[in-house]
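Trainee: Could you walk me through reading salt bridges in a model like this one?
Mentor: Gladly, let's bring it up.

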Amino acid sequence: MIRTANASDAPAITALWNHIIADTSITFTTIPKTKDEIRQIIADTARLVHVAQHNGAFAGFALVGPFRSGPGYARTVEHTVYLHTSAQGNGLGSHLMHALMSAAIVAGHHVMVGAISGTNSSAIAFHKTIDFQHVGVIEQAGRKNGDWHDLVLMQKIL
């Protein structure tokens, strides 16, 4: 089941996001999220946040937010999508992203951008399966755990 997130989803989103921040290099941030911060993201009308449930349990989330500031970028959004490892590989991510892309179209967005760690080959392959195009690499754009990481840019014109 895919649905729009609400404030009650903040603890589950926070826990998954913080696990990814602490234990992986698929995000370059090292600053944990707070439940209040996630509630603000969910309430922010400039963002779209969806959650996936599998067998009645929280399985992951996807969100879009502004790509860059300035009115010329108003219809371009950047997304984040994370699933629990146990929820990957069964099509749930595709369903989640298709729901998010549909909501982005309804909201008037034109381009969706994914900025993916170069070490995250499964995310790059996943984005290809949902028709995102590889548009560039920013070499050594992020640093985490003492290592430099490339940032792969992918986009989809909605």
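Mentor: Let's start with one pair: Glu37 and Lys33 form a salt bridge, with 3.7 Å between the closest N and O atoms. The term means that a side-chain nitrogen of Lys or Arg lies within 4 Å of a carboxyl oxygen of Asp or Glu. This is a predicted model, where local features need pLDDT of at least 70 and side-chain atom pairs count only at pLDDT 80 or more, while totals for chains, interfaces and linings use all residues. Residues are numbered from 1 along each chain as its sequence is written, and side-chain values use heavy atoms, leaving out hydrogens and water.

Trainee: How many salt bridges does the structure hold?

Mentor: There are four.

Trainee: Is Lys33 buried or exposed?

Mentor: Buried means under 20% relative accessible area, exposed over 50%, and partly exposed in between, with a 1.4 Å probe and protein chains only. Lys33 has 19%, so it counts as buried, whereas Glu37 is partly exposed at 29%.

Trainee: Which residue forms a salt bridge with Asp36?

Mentor: That is Arg39, with the closest N and O atoms 3.0 Å apart. Both residues sit in helix α2 (residues 35–43), three residues apart, about one turn of the helix. Helices here are DSSP runs of H or I with at least four residues, numbered from the N terminus. Asp36 is exposed at 52%, and Arg39 is partly exposed at 32%.

Trainee: What about Arg47 and Asp44?

Mentor: Their side chains meet in a salt bridge at 3.5 Å, N to O. Arg47 is partly exposed at 28%, and Asp44 is partly exposed at 30%.

Conventions. Helix = DSSP H or I, 4+ residues; strand = E, 2+ residues; numbered from the N terminus.
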